[in-house]
Structures are given as C-alpha cells and as structure tokens.
Amino acid sequence: MSFFRKILIANRGEIAVRVIRACRELGIKTVAVYSDVEKDSLHIKLADEAICIGPAPSIQSYLNIPAIISAAEITDAEAIHPGYGFLAENPHFEEACITSGITFIGPSTENIRLGGDKAKARRTMKQKGVPVVPGSDGTVHDEKEVRKIIKKIGIPVIIKASAGGGGKGMRIVYDEKEIENAFHMAQREAMAAFGKGDLYVEKYITEMRHIEVQILADNRGNVVHLGERDCSVQRRHQKLIEESPYSFSTPRFRKKIGDLAVKAARAMKYRNAGTIEFIVDNNGNIYFMEINTRVQVEHPVTEMITGVDIVKEQIKLAAGEELSYKQQDIKLTGHSIECRINAEDPEKFIPCPGKIISFIPPGGPGVRVDTVAYSGWVVPSHYDSLIAKVITCGKTRDEAITRMRRALGEFIIEGINTTIPFYLKILDNPDFLAGNFNTHFLEKFNNNKK
Ligand code: MV4
C-alpha cells in the first residue's frame, strides 16, 4: 500500500533524515529542500531529489513559505512533512499547503491555532474537565486582574505569554510588590518575541516534573496514547535528556495521565500525532500545561519502548488511514533514554560550528543514533546546534543508562566541541541515577560544580 507517491520534507538536520527514512520504508519518493550552505548535507544525499530554496538565513529558506510551496509544485510532491521547528506549527503554512492542493502532514489548522494560543487551550481544557493549575480563566488584561487572582489563589504565581514557548514572556511573582513590574516585563517580552502581548496566570508550582504524553489520532475520532515521557532535565527551557517511562510510573499513573491526554485530544478534535504536556507536582497531582502540535525531538524514546514508528504513523494518518492500533495493542517494554548532542562548548553551552574531522557514532545492542553529521561535514552556524541524538534502551532504567554511558564513551567526534562530556557527568550524578530530580535539577547541578 502506498499512501503518497512523493513527499517534500520542509526541514533540515536529523529530523529531515528521520522523515526520509520513514518515507523510504513506506515506498514513498522524497524531495529534500536546502539552503545555499547545505548542499552537502546528509538529507540531500539520502533524498531522491533535492531543491535549493534560498540563502542560508532560515527566514529566506526554511521559513520561506512561497519557496517551499513552489518546490513542492515543481517536483510534483503531493504532501509536505514539516518536521519540528521552522514552519511545523505555523497555521499560515498549513493553509498555503491546502490552497495549493498539497497535504500537510500534521494536525488541522484549528489544532495548530489552539496549540499556539496557550490561554485559550487552558480554558478549553478546563471547560472539558481536564485539570489545569489554578489561575486565570483565559487571558489577563492588566495588573489589577493579576492582583485579584493572587487574592484568590495566593503567591507565588507565574505569568506566561499566551503565544509563548521557550520561556519568553514568563515571569514569576513571589511578592505582591512585583506584580505591576512583572506584568509589564512579561507583556513587553511577549510583544517583542511573538508580536502578541496576551498573558495568562497560573499558580507557580515550585517543584514540578515535566511529563508529556504522545498521542496518535485519526480523522474518525480514534485516539490512542503511547505512554509518557519525563522531560524534566532541561536547561533554559531546552530539554537535554528525555526518558520513557517516567522513573516512578505505575500502571495506575500511566492510565491516569494517558486517559487525561486522550481526553485533551478529544476535547480539541485532535488529529495526527501530538503531545500533551503536563505538570506533575510533588503530591502526584497532574495538570494540563500545553499541547505540542508536531513530532517532537524526543519522539524516539517512545518508539523504542512501544515499537510504533511515529513518523510512519503521521504519514498514514495524513493520508486518511484509520489508526492501526487500539489502546490495548500498545505495550510498553523496558526503558529508553535520549541525550541531545549539540555542537557546543560543554561548560558554557556556546555554539561551536565548524568542520567535523572525524565522526564515528556508537552502535551495538540497544543503541540508536539519529544524526545528520558525518566525517567531513561542516556544522553550519545559521541553525540550531543539535547534531545528533543518542537514544538507548534496556530492560530497566539502569540498563538504559549504562548503555548510554557506554554509547557516549564510544562516540568519536573530532574537530568541534560537543556536549557529550556534560552528559557523562550527569550520568554519574546520584540524584539523576535515583530518578530524584525536577525541572530545577540542572540549576542545582551547575551550582554544585562551581
Ligand atoms: C510552570 C512552572 C511552575 N508552575 N508553570 C513552562 C515552560 C517551560 N519551559 C517552563 N515552564 C514552567 N511552567 C507553573 N504553573 C515552572 C516552569 C519552569 C520554569 C519556570 C521559570 C524558570 C525556570 C523554569 C524551569 C523549568 C520549568
């Protein structure tokens, strides 16, 4: 069965390679797109066809909607896979695809719009009975509204940008005296980053784990979840280590958070692959946080323990196929962990682009490497510095971690600095090994080093 004849991948890096691999297994031809500086990239070598879409700056290439649509038209691609980042969550891009008669491989524009309007998503979930952290009902318009909410739910609260992401436009209020300043700072930052100053308020959960659930949904209302991922190890709102399942998960916990994710997906008539992000507090309370309407960087940890190929499922679902899994068909086996390897200084996290002299990735049992790099490749300075993801699995969390230590130890990358030494330190940290961490783990970890 062939779902599309040809798909254009509107992305670069390891995710472009990942999508090409899924297409090849499905017997679908691929078109890669690239900017002037990426003629020699691996996604170009692996795709059936490649087309240049503009100069190095992403705004003129990987974010250039007319250039990408033209590339699809010239090459007769029937569908576009957006990967993550760039245009993946841009409703205008999906509309441009639809207008041109091209299938966008992802959720509906309505889904993407709700995912990008976090105050509205929060309100929708609350109305449909998915628990949210106490806070505002939709957006707050001035500091007086924030004060009113604080009177009701107490301090501290966190003010967030409705168009937010990456921590921009976010302020924590620990003292009533800070309300006015925090509101205006958050508003100014949100305006500058997203061109929209809408804000909302939540009770600030001082110690939380970031736990998210992968879901798949077809066009007929069938929804399944693929278990949870713990993404609490983050630095400056960038996830660095992800794992599945959550260290302290139980069948009861998984059913509870999984059912909430499915309920959230149904509440918004979600279709295709997506992720529902939750806050889990120290008492095990689960609160809806955000919806991610794309395939995520960390999707492989879920693939490793479920055996589901999430990218192939995205393509089949976009072609109108019915979900091939029922919830009881989804079985989680073992444990998986991912480290995102960046071309960066491992102490200061400053990007380190340049030529890779030697690149020898690890292998062996339980090791998967998703990468765009090879010996001789020049890491461009124009894009994010993720060059490889190392994913390991094992029967237990300990085995997955031992394999990760072994795999990162084997990994040879010469010519540039990478964050591998940083991960090797975390993998020896007693709190990490005990599963004893929350979203503030790396702040403490870095303070202890000094
Ligand atoms: C929160 C929170 C505590 N309480 N929400 C949202 C985006 C993500 N990158 C961080 N987010 C958080 N949302 C509530 N209701 C804590 C975080 C959070 C955080 C906040 C401020 C500074 C650093 C942080 C690190 C991790 C998580």
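Tutor: Let's start at Ile 205: one of its polar backbone atoms sits 2.9 Å from a nitrogen atom of the ligand. Keep in mind that this is a predicted model.

Student: How do I read a distance like that, and which atom of Lys 203 lies 2.9 Å from a ligand nitrogen?

Tutor: A pair of N or O atoms within 3.5 Å is what we call a polar contact. For Lys 203 the partner is a backbone N or O atom, 2.9 Å from a nitrogen atom of the ligand. With Lys 160, by contrast, an N or O atom in the side chain is 2.9 Å from a ligand nitrogen.

Student: How much of the ligand's accessible area does the protein cover?

Tutor: On its own the ligand has 540 Å² of accessible area, and the protein covers 87% of that.

Student: And how many residues surround the ligand?

Tutor: Counting a residue as near when one of its heavy atoms lies within 4 Å, you get 13, with Lys 160, Glu 202, Lys 203, Ile 205 and His 237 the closest. By class, that shell has 7 nonpolar, 3 polar and 3 charged residues.

Student: Which strands each supply at least two residues of the shell?

Tutor: Strand 6 (157-161) and strand 8 (199-203).

Student: Now the sheet. In what order do the 5 strands come?

Tutor: The order is 3-2-1-4-5, in an open sheet with parallel pairing. Strand 3 (49-54) and strand 5 (103-104) are at the edges with a single partner strand each, so each has one side without a neighbour in the sheet.

Student: What joins strand 1 to strand 4?

Tutor: Strand 1 (residues 6-9) runs parallel to strand 4 (residues 79-81), and 3 bridges join them. To find one, look at Leu 8, whose bridge partner in strand 4 is Ile 80.

Key
Residues are numbered from 1 along each chain as its sequence is written. This is a predicted model: local features need pLDDT of at least 70, side-chain atom pairs count only at pLDDT 80 or more; totals for chains, interfaces and linings use all residues. Side-chain values use heavy atoms; hydrogens and water are left out. A polar contact is a pair of N or O atoms within 3.5 Å; within protein, one must be able to donate a hydrogen and the other to accept it, and residues adjacent in sequence count only if both atoms are side-chain atoms. Accessible areas come from the Shrake-Rupley method with a 1.4 Å probe; for residues, only the protein chains shown count as cover. Helices (H or I, at least four residues) and strands (E, at least two) are DSSP runs, numbered from the N terminus. Ala, Val, Leu, Ile, Met, Phe, Trp, Tyr, Cys and Pro count as nonpolar, Asp, Glu, Lys and Arg as charged, and the others, Gly among them, as polar. Two strands pair if DSSP finds at least two bridges between them.
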